[in-house]
Amino acid sequence: MKTGSKAFERARKKAETILKDPEKTRKIVDSAINKASAVKTTSQFQEISEKFQALIRMIRSYISKEYREIPWQTIVLGITAIVYFVTPFDAIFDFIPLLGFADDVAILTAVFSSINHELDKFIEWENTNITEASPEGISAVEADFEEIQEG
């Protein structure tokens, strides 16, 4: 995925650094979940919520070494989108009413489009592996996100 955004390029560099430390990766994912719960009511975010949740689960599965069938570029791009999403000072400052999350949603949408095949493969893997392991058929990550949405 090509983008001319300096903010996106900074996020990509930060993502590569973060991915070297599983604890930092967990923290950025947790930050993304917290921010998602704060913006969940925006119609723009609701449209990408399902893919966002899948990306979060895929990253968590990757860092826990449960799912490693992901090209490095895909995982870097996913973390880059998360870093961009949680950064308040990106192309459009997040605190600007109505516009602040437009660039975040645009970046996430572009990344989802770029990694859609890998997300679909992960969801297929997840459906055959995680669902079988969970008696209720719901993963812990989905439960975390649902609790945030209800709260």
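**A guided tour of a six-helix chain**

Among contacts in the protein chain (heavy atoms within 4.5 Å) that link residues at least 6 apart in sequence, 71% join residues at least 24 apart. The model is a predicted one, in which local features need pLDDT of at least 70 and side-chain atom pairs count only at pLDDT 80 or more, while totals for chains, interfaces and linings use all residues. Residues are numbered from 1 along each chain as its sequence is written, and side-chain values use heavy atoms, with hydrogens and water left out.

**The whole chain**

Begin with the entire protein chain in cartoon view. Its secondary structure amounts to 6 helices and 0 strands, where helices (H or I, at least four residues) and strands (E, at least two) are DSSP runs numbered from the N terminus. The pattern along the sequence is α-α-α-α-α-α. Next, switch to a surface. The accessible surface of the chain is about 8300 Å², and 53% of that area belongs to carbon and sulfur atoms; such areas come from the Shrake-Rupley method with a 1.4 Å probe, and for residues only the protein chains shown count as cover. Of the 151 residues, 44% count as buried. Buried means under 20% relative accessible area, exposed over 50%, and partly exposed in between (1.4 Å probe, protein chains only).

**Helices H1 and H4**

Select residues 6-18, helix H1, together with residues 72-86, helix H4. Their axes come within 8 Å and cross at roughly 120°; axes are lines fitted to C-alpha atoms, for helices over the stretch in contact, and angles run from 0 to 180 degrees between N-to-C directions. H1 is therefore oblique to H4, since angles under 35 degrees count as roughly parallel, over 145 as roughly antiparallel, 65 to 115 as roughly perpendicular and the rest as oblique. The crossing is right-handed: a crossing is left-handed if the near helix is turned anticlockwise from the far one by less than a right angle, and right-handed if clockwise. Now show side chains. H1 contributes Ala7, Phe8, Ala11, Arg12, Lys14, Ala15, Glu16 and Ile18 to the contact, and H4 contributes Val76, Leu77, Ile79, Thr80, Val83 and Tyr84. These residues divide into 10 nonpolar, 1 polar and 3 charged, with Ala, Val, Leu, Ile, Met, Phe, Trp, Tyr, Cys and Pro counted as nonpolar, Asp, Glu, Lys and Arg as charged, and the others, Gly among them, as polar.

**Helices H2 and H4**

Keep H4 and add helix H2, residues 22-39. H2 and H4 pack at an angle of about 55°, with axes 9 Å apart, and are therefore oblique to each other. Their crossing is left-handed. On H2, the residues to display are Thr25, Ile28, Ser31, Ala32, Lys35, Ala36 and Val39; they meet Ile79, Ile82, Val83, Phe85 and Val86 of H4. This contact comprises 9 nonpolar, 2 polar and 1 charged residues.

**Two residues of H2**

Centre on threonine 25 in helix H2. Threonine 25 is buried, with a relative accessible area of 0%. Leaving aside residues up to four places away in sequence, threonine 25 touches Ile18, Leu19, Ile59, Ile63 and Ile79.

Then select arginine 26, also in H2. Arginine 26 is partly exposed, at a relative accessible area of 35%. Add arginine 60: the two are 34 residues apart in sequence, yet 7.3 Å apart in space, C-alpha to C-alpha.

**A loop residue**

Finish at lysine 65, in the loop between helix H3 (43-63) and H4. Lysine 65 is exposed, with a relative accessible area of 61%. Most residues other than glycine have a negative phi. Lysine 65, although not a glycine, has a positive phi of about 65°.
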